[in-house]
Amino acid sequence: MTPDDLKKLAAARALELVRPGMRLGLGTGSTAKHFVDLLGARVADGLDVICVSTSEVTEAQARALGIPMSTLDETPELALTIDGADEVDGELRLIKGGGAALLREKIVASASARMVVIADDSKLVTQLGRYPLPIEVVPFGLEVTRRAVMAAIASVGAAGELVLRRKADGTVLLTDGGHYILDAHLGAIAQPEALAAALARIPGVVEHGLFLGLATAAILASATGLTIVGTLD
């Protein structure tokens, strides 16, 4: 099976969690895209749901499929969010933000009674940090914020390069909220809770890609089948 086949397998299992009348959060990224496609087919067959997206890309995809969409202002309490992850460990701690939607993803996840991660099993790690940690920052005072982020990283015994994310044409990437992203290439994060707390204290940091205490389960697909971390129900 290809990596894309595995993503579809995880997405299909997550679709089984959806019930008529549910208020759903729709994630962003390649695996979440498969879930939205499958959900769109169910909606076309008559499934009644209301959804909130985590990015403008997902919003456009869902609307094109005829999925009824709302906002968190109109629908502030969600029953379930289905989203991907760049990394997940055995304690359901995540790194997210590879698609530059981490701020909205975290807001939607926080508004949800449950968050279920869908991914292929390559995303399961014993320690977070192999994937670069995205840190969303305001453009104003970038160098001051960058230095503060480096100090926060050092304070928890981590180290690595901090890179301003750019698009393929070399221009600085802007998130849906108009912010920059600094990607921290750390290799390993031994104290994710401590790092999350240190980053949260920096005025120029809008949000970071450590999702701690938010995911309730993960559906991980491999060539031999599905592995469930946590509890789906």
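## Helices H1 and H2

H1 and H2 are oblique to each other, and that is a good place to start in this predicted model. The reasoning is short: their axes cross at roughly 50°, and an angle that is neither under 35 degrees, nor over 145, nor from 65 to 115 counts as oblique. The axes of H1 (residues 3-15) and H2 come within 8 Å, and the crossing is right-handed.

Which residues of H1 meet H2? They are Asp4, Lys7, Lys8, Ala11, Ala12, Ala14 and Leu15. On the H2 side, the partners are Ser30, Thr31, His34, Phe35, Leu38, Leu39 and Arg42. Sorted by class, this contact has 7 nonpolar, 3 polar and 4 charged residues.

## Helices H2 and H3

H2 covers residues 30-44 and H3 covers residues 56-64. How are these two helices oriented to each other? They pack at an angle of about 20°, and angles under 35 degrees count as roughly parallel, so H2 and H3 are roughly parallel to each other. Their axes are 9 Å apart, and H2 passes H3 in a right-handed crossing.

From H2, the residues Lys33, Val36 and Asp37 take part, meeting Thr58, Gln61 and Ala62 of H3. By class, the H2 contact with H3 is made of 2 nonpolar, 2 polar and 2 charged residues.

## Threonine 58 and glycine 27

One residue from that contact is worth a visit of its own. Threonine 58 sits in helix H3. Is threonine 58 buried or exposed? With a relative accessible area of 3%, threonine 58 is buried. Setting aside residues up to four places away in sequence, threonine 58 touches Leu26, Gly27, Thr28, Val36 and Ser53.

Glycine 27, one of those partners, lies in the loop between strand E1 (23-26) and H2. Glycine 27 is buried too, as its relative accessible area is 2%. Leaving out residues up to four places away in sequence, glycine 27 touches Ala32, Thr54, Thr58, Ile82 and Asp83. For a sense of scale, glycine 27 and alanine 152 are 125 residues apart in sequence, and their C-alpha atoms are 29 Å apart in space.

## The loop between E4 and E5

Next comes aspartate 89, which is placed in the loop between strand E4 (87-88) and strand E5 (94-95). Aspartate 89 has a relative accessible area of 3% and is therefore buried. What does the side chain of aspartate 89 make a polar contact with? The partner is the side chain of arginine 93, at 2.8 Å. Apart from neighbours within four places in sequence, aspartate 89 is in contact with Leu124, Val125 and Leu128.

Leucine 92 also belongs to the loop between E4 and E5. Its phi is near 60°, a positive value in a residue other than glycine. Leucine 92 is buried, given a relative accessible area of 9%.

## Alanine 100

Further along the chain, look for alanine 100 in the loop between E5 and helix H4 (102-110). What is the phi of alanine 100? The value is positive, about 70°, although the residue is not a glycine. Because buried means under 20% relative accessible area, alanine 100, at 12% relative accessibility, counts as buried.

Note on methods. Residues numbered from 1 in each chain as written. Predicted model: local features only at pLDDT ≥ 70, side-chain atom pairs only at ≥ 80, totals over all residues. Heavy atoms only, no water. Axes fitted to C-alpha atoms, helices over the stretch in contact; angles between N-to-C directions. Helix = DSSP H or I, 4+ residues; strand = E, 2+ residues; numbered from the N terminus. Left-handed = near helix turned anticlockwise from the far one by under 90°. Contact = heavy atoms within 4.5 Å. Nonpolar A, V, L, I, M, F, W, Y, C, P; charged D, E, K, R; others polar. Buried < 20%, exposed > 50% of the residue type's maximum accessible area, 1.4 Å probe, protein only. Polar contact = N/O pair within 3.5 Å; in protein donor to acceptor, adjacent residues only side chain to side chain.
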